[in-house]
Amino acid sequence: GRQHINEVYRISVDKLYDILFNKSQFMSDFMEQRRFSGYYPLHSYDVVYHPWKKDEAGHQTREIMYTISLSNPLAPKTAAVTETQTLYKASQESECYIIDAEVITHDVPYHDYFYTLNRYMLTRVAKNKCRLRISTELRFRKQPWGLVKGLIEKNFWSGLEENFRHLEMELAKLEEVMNEAGQLS
Ligand code: YK8
């Protein structure tokens, strides 16, 4: 996979998990803001979160669904997205959270050929500090023709890099705001 973020934030590990994986103002704003070359999600407040369920192995899984709006000229204007998230049982409150998200972008060209695997690792560094690592794999379900494979790879990585560069910027801002607010109290 490719690593997008490997950064320490002055935010507790539980708080960052909450911000990224539960319905939060931050994620709504983040999803709402994007109107640039890659895509931006529509109606992020309409994200559907199915509850976590424990599987036989003791990991927890859930599905979330939303719609993104794309501005890639090769893709339609909107696409439905399904994310299947697995919260690994190695995760421990106040210590670490390991989450894999398998992302299927329906409706985009060649969507039946590939899906995305995003891995999020949040680990405690200190009481009010944690490290966030995010990496991605492009996975193929079936072998595309060479030219198509190249097209998928190019559009895939540019869209993802844009997404995570933006997430990194927004998290840096959030960290600022949260720590300023903290100093006042
Ligand atoms: C999640 C992977 C591919 C897709 C896109 C497909 C173009 C296909 C063009 C043909 C537009 C938020 C992406 C980037 C849309 C956004 C998806 C996001 C960033 C000609 C090949 C959405 C993480 C995520 C996973 C996969 C991304 C799509 O949190 O290029």
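Through how many residues does a hairpin join β8 to β9? In this predicted model, the hairpin that links β8 to β9 runs through two residues. The strands on either side of that turn are a convenient place to begin a tour of the fold.

Strand β8 spans residues 114-126 and has a partner in β7, residues 96-105. These two strands run antiparallel, and eight bridges hold the pairing. One position in this register is C96, whose bridge partner in β8 is T123. β8 also pairs with strand β9, residues 129-140, again in the antiparallel sense, here over twelve bridges. Within that second pairing, T116 is found opposite L138 of β9. As a reminder for reading the sheet, side chains in a regular strand alternate between the two faces.

From the strands it is a short step to the interior. The largest nonpolar core contains 43 residues. Those with the most contacts inside this core are L16, L20, L122, L132, L167 and L171. Helix α3, residues 146-184, supplies the largest share of the core, with nine residues. Such a grouping fits a broad tendency, in that nonpolar side chains of soluble globular proteins tend to be buried together.

L122 makes a good viewpoint from which to look around. With neighbours within four places in sequence set aside, L122 touches V13, L16, Y17 and F21, among others. The contacts of L122 also include E95, C96 and Y97, together with R131 and L132. Two of these partners, L16 and L132, are themselves listed among the core residues with the most contacts.

Charged pairs add another layer to the picture. The structure holds seven salt bridges. In one of them, the side chains of R2 and E161 meet, with an N to O distance of 2.9 Å. Because R2 belongs to strand β1 (residues 2-9) and E161 to helix α3, this pair ties together parts that lie 159 residues apart in sequence. What of their exposure? R2 counts as partly exposed, at 37% relative accessibility, and E161 likewise counts as partly exposed, at 31%.

R10 is a second anchor point for helix α3. The side chain of R10 meets that of E175 in a salt bridge, at 3.5 Å from N to O. Since R10 sits in the loop between β1 and α1 (13-21) while E175 lies in helix α3, the pair ties together parts 165 residues apart in sequence. R10 is partly exposed, with 37% relative accessibility, whereas E175 counts as buried, at 11%. R10 forms a further salt bridge with E176, where the closest N and O atoms are 3.8 Å apart. This pair, too, links distant parts of the chain, from the loop between β1 and α1 to helix α3, 166 residues apart. E176 is partly exposed, with a relative accessible area of 43%. Through shared partners, the salt bridges join R10, E175 and E176 into one network.

Finally, the surface has a nonpolar feature worth a look. L74, Y110 and L151 together make a nonpolar surface patch of about 260 Å². Of these residues, L74 is placed in the loop between β5 (60-70) and β6 (78-87).

Notes
Residues are numbered from 1 along each chain as its sequence is written. This is a predicted model: local features need pLDDT of at least 70, side-chain atom pairs count only at pLDDT 80 or more; totals for chains, interfaces and linings use all residues. Side-chain values use heavy atoms; hydrogens and water are left out. Patches are made of residues with over 30% relative accessible area and no salt bridge: like charges are joined within 9 Å, nonpolar side chains (Val, Leu, Ile, Met, Phe, Trp, Tyr) within 5 Å. Accessible areas come from the Shrake-Rupley method with a 1.4 Å probe; for residues, only the protein chains shown count as cover. A salt bridge is a side-chain nitrogen of Lys or Arg within 4 Å of a carboxyl oxygen of Asp or Glu. Helices (H or I, at least four residues) and strands (E, at least two) are DSSP runs, numbered from the N terminus. Two strands pair if DSSP finds at least two bridges between them. A nonpolar core is a set of buried Ala, Val, Leu, Ile, Met, Phe, Trp, Tyr and Cys residues joined through side-chain atoms within 4.5 Å. Buried means under 20% relative accessible area, exposed over 50%, partly exposed in between (1.4 Å probe, protein chains only). Contact means heavy atoms within 4.5 Å.
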